[in-house]
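Reader: I'd like to practise reading a chain from its overall numbers down to a single residue. Could you walk me through one?

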Amino acid sequence: RGGGAHMNESVEKAQFAWQPLTARGVAAFAHATLGRLLTVQFVVALLAAGTFVWFLHTAWFPQISEAIRQLPPQGELQSGRLEWQGASPSRLAEGRFLAVIVDLDHTGEARSPAHVQVEFGRTDCMIFSLFGYVQVAYPRGWAVAFNRTELGPWWGAWAPPILAISAGLVVVGLMVTWACLATVYSLPVWLIGFFANRDLSFRGSWRLAGAALMPGALFMCAVVFLYGCGGLDLVRLTVAGALHLVMGWVYLIISPSRLLRHPAAAEKANPFA
């Protein structure tokens with residue numbers, strides 16, 4: 001009995017859910033509480049939000065601030081048209097990640113090698129990147145200042161709240177996305193566990209699927225950090241984004257096999273039971 005108790009204690013310790021980094025660690029969440037899974041997901045979501053906010057603050061916000069400083073003292077966007085008092089085309093700000101340009105007729109004379117280029121035209125705005133471009137017409141009901149006199153103080157006051165709101169949206173968006181994906185993946189995970197004769201309930205499959213998404217999320221945090229430091233270009237960032245999805249699928253397939261065998265299957269397999 002002492003040996004059996006020691007074995008049960010070792011199994012319980014091995015199945016304790018605390019880190020979703022290995023296949024066995026992910027599998028342990030199948031028998032953990034929902035609160036533990038949500039806590040781990042919330043911590044990962046906070047880390048992802050912090051990484052995203054750091055990237056915005058480091059890579060994009062300085063270019064936006066510089067672009068506002070380069071605006072003329074007068075100008076506005078009203079009735080679907082940009083009233084521009086400066087030269088066109090005009091490069092307001094340019095960095096490795098973001099460029100802001102005014103080209104009223106979209107002549108293409110001020111193209112930038114930045115990863116994302118925002119180009120303001122006379123009646124619309126074009127956003128260029130590796131994936132092509134998006135053209136958005138100005139809403140006719142808008143009346144927005146487009147000058148440094150008004151935008152400068154507004155940006156100075158709202159930049160910190162924008163970062164905070166962005167962090168909150170990332171956390172909420174990730175938590176909701178992970179819940180939806182876990183719902184989609186739970187049936188395949190349960191089927192894998194069923195045919196492998198593993199001790200896995202359908203609710204446990206949902207928790208395991210939710211935990212299996214964490215390694216990919218942590219991987220993307222590291223990737224975005226490297227991208228923000230200049231260690232990756234946009235092509236490698238895109239490849240890494242696809243790879244983080246594959247990581248989740250690999251954990252979904254492998255992790256059920258790290259669970260204990262179902263008691264009924266174990267008894268049939270043991271001739272001395």
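Author: Sure. Keep in mind that this is a predicted model. Start with the surface: the chain exposes about 15,300 Å² of accessible area, and carbon and sulfur atoms make up 65% of that.

Reader: What secondary structure does the chain have?

Author: Eight helices and eight strands. For overall spread, set the radius of gyration against the globule rule: the chain comes out at 26 Å, well over the 19 Å the rule gives for 273 residues, so it is more spread out than a compact globule. Along the principal axes, the C-alpha atoms fill a box of roughly 90 × 35 × 30 Å.

Reader: How much of the chain counts as buried?

Author: Of its 273 residues, 41%. Then look at sequence separation: among contacts with a separation of 6 or more, 57% link residues 24 or more positions apart.

Reader: And the charges: how far apart are the mean positions of the positive and negative ones?

Author: They sit 16 Å apart, with 19 positive and 15 negative charges in the chain.

Reader: Let's zoom in on Glu 119. Is Glu 119 buried or exposed?

Author: The cut-off for buried is under 20% relative accessible area. Glu 119 has 0% relative accessibility, so it counts as buried. You'll find Glu 119 in strand β5, which runs over residues 116-120.

Reader: Which side chain makes a polar contact with the side chain of Glu 119?

Author: That of Arg 111, at 2.7 Å. Beyond four places in sequence, Glu 119 also has contacts that include Ile 101, Asp 103, His 106, Cys 125 and Phe 128.

Definitions and conventions
Residues numbered from 1 in each chain as written. Predicted model: local features only at pLDDT ≥ 70, side-chain atom pairs only at ≥ 80, totals over all residues. Heavy atoms only, no water. Helix = DSSP H or I, 4+ residues; strand = E, 2+ residues; numbered from the N terminus. Rg over C-alpha atoms; globule rule 2.2 N^0.38 Å. Buried < 20%, exposed > 50% of the residue type's maximum accessible area, 1.4 Å probe, protein only. Contact = heavy atoms within 4.5 Å. Areas by Shrake-Rupley, 256 points an atom, 1.4 Å probe, with all protein chains shown as cover. Lys, Arg positive; Asp, Glu negative; His and termini not counted. Charge placed at Lys NZ, Arg CZ, Asp CG, Glu CD. Polar contact = N/O pair within 3.5 Å; in protein donor to acceptor, adjacent residues only side chain to side chain.
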